Amino acid sequence: MSAAGSVAGVSQGGPGSMAGMSQGPGSVAGRSSHPDQTISSTQGQSTRLLEAQRARKAAQEDALKLANRVQQLKKEEEKAAKRIKETKKRAEEIKHLRKRNEEHRIQKEQHYEERNKELASQMEHLMTHKLEGERRKQEAAEILARQKKELREMTKEEQMIHDRMLAEMKLLERKKALTQKEAVKEKQRKQRERIMNEKAKKMEENRSEYEKRLADEVREQQRKEKELQRLAASELELIQKLQQKQVEQRVAYEELETALGLKKAQADMAAQHQMRTSASRSHAGSQSGGMPAAASYPPDDEPDEAEVARQFGLLDDEGTGYIGTNQLEQLMSALGIQLNPAQLQQASAQLDKDGLGKISYGEFLLWWSG
């Protein structure tokens with residue numbers, strides 16, 4: 001800042017200064033004779049310029065601070081005015097509430113005063129009514145006492161007449177009671193007879209109904225037996241047809257095996273099946289103490305189709321031609337064969353390919369014969 005002032009002071013000398021410097025040898029000799037005075041004059045001008053600039057900046061800062069202060073005071077004045085307005089509004093509300101509460105209090109006092117007056121009037125009316133009632137009660141008691149006295153005097157003879165009439169009435173009532181008792185007994189006897197007749201009639205109706213139901217049951221039983229005979233005949237016919245189909249299928253299998261050269265392998269498999277069957281039967285015989293009773297067959301003879309049908313029918317309670325897959329183990333045990341869990345699962349999968357949880361008699365018979 002001082003360097004700029006010095007430069008400005010030097011530049012403010014203008015052409016005159018330069019002219020003085022460019023004047024002849026005498027001027028140069030004059031400046032060279034007073035160098036200290038010139039330097040001190042330049043420094044004084046720079047100092048005054050610096051002080052003026054500092055004063056100007058200080059004045060600007062004071063003006064800015066004063067403007068900010070004025071702005072702050074204006075905001076404070078606005079806030080104060082707003083608080084005053086809110087305070088006045090709140091004061092008005094409080095005055096209004098006080099006025100309303102005072103009016104309510106006055107109304108309540110007036111109501112209580114009117115209520116007290118009304119209660120006082122009612123109490124006075126009640127007291128008057130009570131006194132009047134007591135007076136009337138006393139008068140009535142006096143009248144009643146006088147009437148009782150007169151009645152006692154008047155009823156001595158009447159009492160005797162009344163006692164005589166009472167005795168006669170008791171005698172008549174006794175006769176009437178005896179007559180009513182006889183009538184009740186007759187009514188009860190008739191009612192018992194009616195009840196006995198109704199019971200006999202009901203028993204006769206029940207007997208007729210029983211005979212009718214018994215005849216219906218007999219007819220229904222005969223119809224069911226005929227139906228069972230028809231179903232048995234139909235089942236036997238189907239079994240015969242199935243046996244014929246099995247024979248045809250076996251012949252076809254044998255022809256196919258002969259054609260394919262698998263007859264020997266089939267014989268080996270049959271021998272292994274016979275050995276497993278014999279081992280299963282022997283194992284079943286050793287464990288028969290903890291299993292349900294099963295049919296026993298000769299060691300070298302399997303159950304025939306009739307026995308298979310009979311055992312299947314024992315498990316098919318409803319006669320639908322199906323048993324559940326969970327009854328397969330019981331059926332095989334009844335036929336004298338015990339299957340382990342793996343064999344039972346494999347047999348169930350072969351017999352119930354659709355996963356319906358039931359096995360038909362035809363599928364089981366084909367599987368058993370195969």
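**Note on the salt bridges and the nonpolar core of a predicted model**

1. In this predicted model, a salt bridge joins the side chains of Glu132 and Arg135, with a nitrogen-to-oxygen distance of 2.1 Å. Both residues belong to helix α4, which spans residues 35-260, and they sit three residues apart, about one turn of the helix. Glu132 is partly exposed, at 28% relative accessibility, and Arg135 is likewise partly exposed, with a relative accessible area of 38%. This pair also takes part in a network of salt bridges that links Glu132, Arg135, Arg136 and Glu139.

2. Further along helix α4, the side chains of Glu211 and Arg207 form a salt bridge with an N to O distance of 2.6 Å. Here the two partners are four residues apart in the helix, so that about one helical turn separates Glu211 from Arg207. The relative accessible area of Glu211 is 42%, which makes this residue partly exposed, and Arg207 is also counted as partly exposed, at 38% relative accessibility.

3. Another salt bridge connects the side chains of Arg230 and Glu227, at 2.3 Å from N to O. Arg230 and Glu227 are again residues of helix α4, placed three residues apart, or about one turn of the helix. Arg230 has a relative accessibility of 47% and falls in the partly exposed class, as does Glu227, whose relative accessibility is 30%. In general, side chains of opposite charge can pair when their charged atoms come close. The three pairs described so far are among the 17 salt bridges that the structure holds.

4. As to the overall make-up, the protein contains nine helices and two strands, and their order along the sequence is α-α-α-α-α-α-β-α-α-β-α. The protein has 370 residues, of which 12% count as buried, and its exposed area is about 30900 Å², with 56% of that area supplied by carbon and sulfur atoms. When contacts between residues at least 6 apart in sequence are considered, 64% of them join residues at least 24 apart.

5. The largest nonpolar core of the model comprises 21 residues, and those with the most contacts inside it are Val308, Leu328, Leu331, Met332, Tyr361, Phe364 and Trp368. The elements that contribute two or more residues to this core are α4, α6 (305-315), α7 (328-334), α8 (341-351) and α9. Helix α4 therefore appears in this note both as the helix that holds the Glu211 and Arg207 pair and as one of the contributors to the core.

6. Which residues of α9 are buried? They are Tyr361, Phe364, Leu365 and Trp368. Viewed down the axis of α9, these buried residues fall within an arc of 100°, so they line one face of the helix. Leu365, a residue of helix α9 (residues 361-369), has a relative accessibility of 0% and counts as buried. Apart from its neighbours within four places in sequence, Leu365 is in contact with Leu242, Gln246, Glu305 and Val308. The last of these partners, Val308, is 57 residues away from Leu365 along the chain, and yet the C-alpha atoms of the two are separated by 7.7 Å.

7. A corresponding description can be given for α8, in which Leu344, Ala347, Ser348 and Leu351 are buried. These residues cover an arc of only 100° around the axis, which puts them on the same side of α8. The face of α8 that is turned away from this buried side carries the exposed residues Ala342 and Gln345. What covers the buried residues of α8? The cover includes α7, β2 (358-360) and α9.

8. Leu328 offers a residue-level view of this region, and is listed among the core residues with the most contacts inside the core. Leaving aside its neighbours within four places in sequence, Leu328 is in contact with Leu344, Ala347, Ser348, Leu351, Ile359 and Phe364. Leu344, Ala347, Ser348 and Leu351 are the buried residues named above for α8, while Phe364 is one of the buried residues of α9.

Methods. Residues are numbered from 1 along each chain as its sequence is written. This is a predicted model: local features need pLDDT of at least 70, side-chain atom pairs count only at pLDDT 80 or more; totals for chains, interfaces and linings use all residues. Side-chain values use heavy atoms; hydrogens and water are left out. A salt bridge is a side-chain nitrogen of Lys or Arg within 4 Å of a carboxyl oxygen of Asp or Glu. Buried means under 20% relative accessible area, exposed over 50%, partly exposed in between (1.4 Å probe, protein chains only). Contact means heavy atoms within 4.5 Å. Accessible areas come from the Shrake-Rupley method with a 1.4 Å probe; for residues, only the protein chains shown count as cover. A nonpolar core is a set of buried Ala, Val, Leu, Ile, Met, Phe, Trp, Tyr and Cys residues joined through side-chain atoms within 4.5 Å. The arc is that of the directions from the helix axis to the C-beta atoms.
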